[in-house]
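Subject: Structure handover

Hello,

Here is the structure for you to open. My notes on what I found follow below it.

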Amino acid sequence: MSLSEEDLWYFNHTGYYLVPELLPGDLVERLNAVTDEQISGMIEPVVWEKSGTREPNDIRRLSKILSRDRAYLEAAVHPVVLNPLTSILGPNVELLTNKHNHIMVRPPGSEHVYWHSGEEPFHPTLITALVYLEESTLENGCIRIVPGSHRRPFQRGRRPGGAFEESDLFYKSLPVPMPRGGVLLFNDCCFHGAGVNGAGTSRRSMTLAYQAHDPHDVMKDDPEKILAAGERIYIGHPHPFPQPD
Ligand SMILES: O=C(O)CCC(=O)C(=O)O
């Protein structure tokens, strides 16, 4: 579904948007089945929890998912994800393979995701999509977003550090619980973080990055970008510039 004018106003002011529709249940089941295989096989590249052990239950993140199985790409270009993105980014949308492109597995006991903002406001707009393979709740440490922080009316490093719950960002943030199959979009300049997983099960979500295609790019075959919607148009000024007759 496309965003209404009011939805766009909401997104532009807060920096985030909860897509009302869910991904189809059978696709979510397939994504979980593939993810089970990737975890039990401990297939690299992987980011581990700090426990120091190297067991499937210690996998914090599976990286480079788009080249692991076609189901991940199918979810990344599904209309439930792409339609709202084209409302925000315009018709020509690229999916990045060198930013995010991972699954946060967040096993039981998984540590915080510390406060950070992925991009600076002067960078080209980058929208993060979190696609939930499992329900995300307060108990299992759902993401917290600082609404409006993408506008950066203050100076602050992208990774401020410090104790998660004692940060002033914690008191300005909103927890965003999400259902299984849900999609959360946010401007990657928004400060965000996530709590410890205090539940007995994992909390899996795919993290994907999208940008509008830059119509001034001369090189159209960037190996780190997948055209997810539309086309790679070119609108550079010709030289010499055509003179009127
Ligand atoms: O939901 C989470 O655990 C944090 C998501 C996030 O910040 C990321 O995947 O980069």
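Helices (H or I, at least four residues) and strands (E, at least two) are DSSP runs, numbered from the N terminus. This is a predicted model: local features need pLDDT of at least 70, side-chain atom pairs count only at pLDDT 80 or more, and totals for chains, interfaces and linings use all residues. Residue numbers start from 1 along each chain as its sequence is written.

**Helix H2**

H2 covers residues 25-40, 16 residues in total. From first C-alpha to last it reaches 22 Å, close to the 22 Å expected at 1.5 Å a residue. (The expected span is 1.5 Å times one less than the number of residues.) After H2 comes Met42, with a positive phi near 50 degrees.

Burial is a count of other C-beta atoms within 10 Å of a residue's own: 20 or more is buried, 12 or fewer is exposed, and in between is partly exposed. These C-beta atoms are placed from the backbone. The buried residues in H2 are Val28, Leu31, Thr35 and Gln38. They sit on the same side of H2, because they cover an arc of only 80 degrees around the axis. The arc is that of the directions from the helix axis to the C-beta atoms. The face turned away from that buried side carries exposed residues: Gly25, Asp26, Ala33, Asp36, Glu37 and Ser40.

What do the buried residues of H2 pack against? Their partners are strand S3 (59-63), helix H3 (70-76) and strand S5 (102-104). Contact here means C-beta atoms, placed from the backbone, within 7 Å.

Asp69 lies in the loop between S3 and H3. Asp69 counts as partly exposed, because it has 16 C-beta neighbours inside 10 Å. Its C-alpha is 9.3 Å from that of Thr35, although the two are 34 residues apart along the chain.

**Helix H4**

H4 spans residues 79-89, with Val81, Pro84, Leu85, Ile88 and Leu89 buried. Those buried residues fall within an arc of 125 degrees seen down the axis, so they line one face of H4. Gly90, just after H4, has a positive phi of about 90 degrees.

**Strands**

Two strands pair if DSSP finds at least two bridges between them. One open sheet has four strands in the order S6-S11-S8-S9, with antiparallel pairing. Its edge strands are S6 (113-116) and S9 (174-175), each pairing on one side only. S8 (143-145) is joined to S11 by three bridges. Ile143 stands opposite Ala194 in S11.

Leu174 is in S9. Leu174 is exposed, with 11 other C-beta atoms within 10 Å. Leaving out residues up to four places away in sequence, Leu174 touches Arg144, Ile145 and Pro147.

S4 (93-96) pairs antiparallel with S12 over three bridges. S4 is also antiparallel to S13 (225-229), with four bridges. Leu95 has a bridge partner in each: Tyr210 in S12 and Ile226 in S13.

**Ligand shell**

Which residues are around the ligand? They are Met104, Arg106, Val113, Ile143, His192, Ala194, Ser205 and Thr207. A residue is near a molecule if its C-beta atom, placed from the backbone, lies within 6 Å of it. S11 (192-194) and S12 (205-212) each supply at least two residues of this shell. By class, the shell has four nonpolar, three polar and one charged residues. Ala, Val, Leu, Ile, Met, Phe, Trp, Tyr, Cys and Pro count as nonpolar; Asp, Glu, Lys and Arg as charged; the others, Gly among them, as polar.

Best wishes

Definitions and conventions: Two residues are in contact if their C-beta atoms, placed from the backbone, lie within 7 Å.
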